[in-house]
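Q: Please take a close look at one part of this model, for someone new to it. What does that part consist of, and what surrounds it?

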Amino acid sequence: MTNRLRYYSFYCWVVWQFEQIHHTTKEDKWVEFIRRCEAAIALACQIGDAANALGMAGSEWWRYEAADTSKKTFDLIKPTNRPGEDGQYLKSKYGNFGQFYTASMLEMGLIDSASARVYGVTSTAGKALAVAVQEEHPEACALLLKAVKSGRISRSDCETISEALHPSYLDPSSQEARLLKEFLQGGRADDPTAEARRISLRNVLAVVSDSKGEFDLRRDLYVQVW
C-alpha cells in the first residue's frame, strides 16, 4: 500500500522520457536518470510543501538543506552519483522506483522490461499516464528534465515543479487523476491485478466506514490487535 498514488503516473512519465531522450538500454544511464529524477522531485516538494511531502524517497535527505531559504541552487549530482553507498539521497542503486514500484508496475501493465533493469512504458496504460503528466504540466516537466540533464536545480524551479507535480496537489478533474482513479478502482480490462485492486479498495472503505474519530489507515489495515 502506498500513500503516494501519484508516483505511478510520475514514474510512467520518467520511464517514457528516458525512452525518448536516451534511446538505450544501458543500465548506468538509467540509474543516473532515475536517481536524479527522484532526488529532484523530492527536493522540489520539500521546498514547495514540506508538510505534505512526508514519505517521499529522499525527503529526509533534503529536509534541512531545503529549509535554508538563503540557498538558491542545489546540486543533484553528489547526492545521487554513488548508488548503493551511504551518504546518498537513497542508498538503493535503482532508487525508490527499483526498490518498491517496479514489480507492481510490471504486474499492472504500466511498464515492460526492455532489458534486465531498464524499462519502457506499455503502449496503452503506461503511455496514457505519461502523456497526461506531460500535457497537463509541460513547464514543470521541462524544468525537471533540465535539472536532471545539468545536475543542478534552482529554488524557483523547485517551487514551480512542486506546484504542478507534488503528490498532494493532484487536480481531481485532470486526465491524470481520471486514469489513476480508473487504476485504483480496478477499471482497466487489461489489468491482471484489477480484481485484487477492487477487493483492496473495498477493504479500505470498510476500515474507513467502521472507524470512529482519528485513526491511522495504514496501521488499521496492517496491524492486528489480539
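A: Helices (H or I, at least four residues) and strands (E, at least two) are DSSP runs, numbered from the N terminus. Arg 155 lies in one of these helices, α7. The model is predicted, so local features need pLDDT of at least 70 and side-chain atom pairs 80 or more, while totals for chains, interfaces and linings use all residues. Residues are numbered from 1 along each chain as its sequence is written, and side-chain values use heavy atoms, without hydrogens and water.

Arg 155 is buried (under 20% relative accessible area, 1.4 Å probe, protein chains only; exposed is over 50%, partly exposed in between), yet Arg 155 has no salt bridge (Lys or Arg side-chain nitrogen within 4 Å of an Asp or Glu carboxyl oxygen). The nearest side chain of opposite charge (Lys and Arg positive, Asp and Glu negative; His and chain ends not counted) belongs to Glu 159, 5.3 Å away. Setting aside neighbours within four places in sequence, Arg 155 is in contact (heavy atoms within 4.5 Å) with Ile 47, Glu 65, Ala 66, Asp 68, Thr 69, Lys 71, Lys 72 and Phe 74.

Helix α7 spans residues 155-165 and is among the elements that cover the buried residues of α6. Others that do so include α1 (6-22), α2 (27-49), α5 (125-136) and the strand β4 (152-154). The residues of α6 that are buried are Ala 140, Cys 141, Leu 143, Leu 144, Leu 145, Ala 147 and Val 148. Helix α6 itself has 13 residues, 138-150, and its end C-alpha atoms lie 18 Å apart, which agrees with the 18 Å expected at 1.5 Å a residue (1.5 Å times one less than the number of residues). After α6 comes Gly 151, with a positive phi near 80°.

Two of the covering helices, α1 and α5, also pack against each other, at an angle of about 95° and with their axes 8 Å apart. On the α1 side, Tyr 8, Ser 9, Cys 12, Trp 13, Trp 16 and Gln 17 take part; these meet Gly 126, Lys 127, Leu 129, Ala 130, Val 131, Val 133 and Gln 134 in α5.

Two residues in other helices can be set beside this. Thr 102 sits in helix α4 (residues 95-107) and counts as buried because its relative accessibility is 7%. Beyond residues up to four places away in sequence, Thr 102 touches Phe 97, Ile 111 and Tyr 119. Arg 202, in helix α9 (residues 194-210), is exposed, at 52% relative accessible area. Between Arg 202 and Glu 139 there are 37 Å, C-alpha to C-alpha, and they are 63 residues apart in sequence.

Methods
Axes fitted to C-alpha atoms, helices over the stretch in contact; angles between N-to-C directions.
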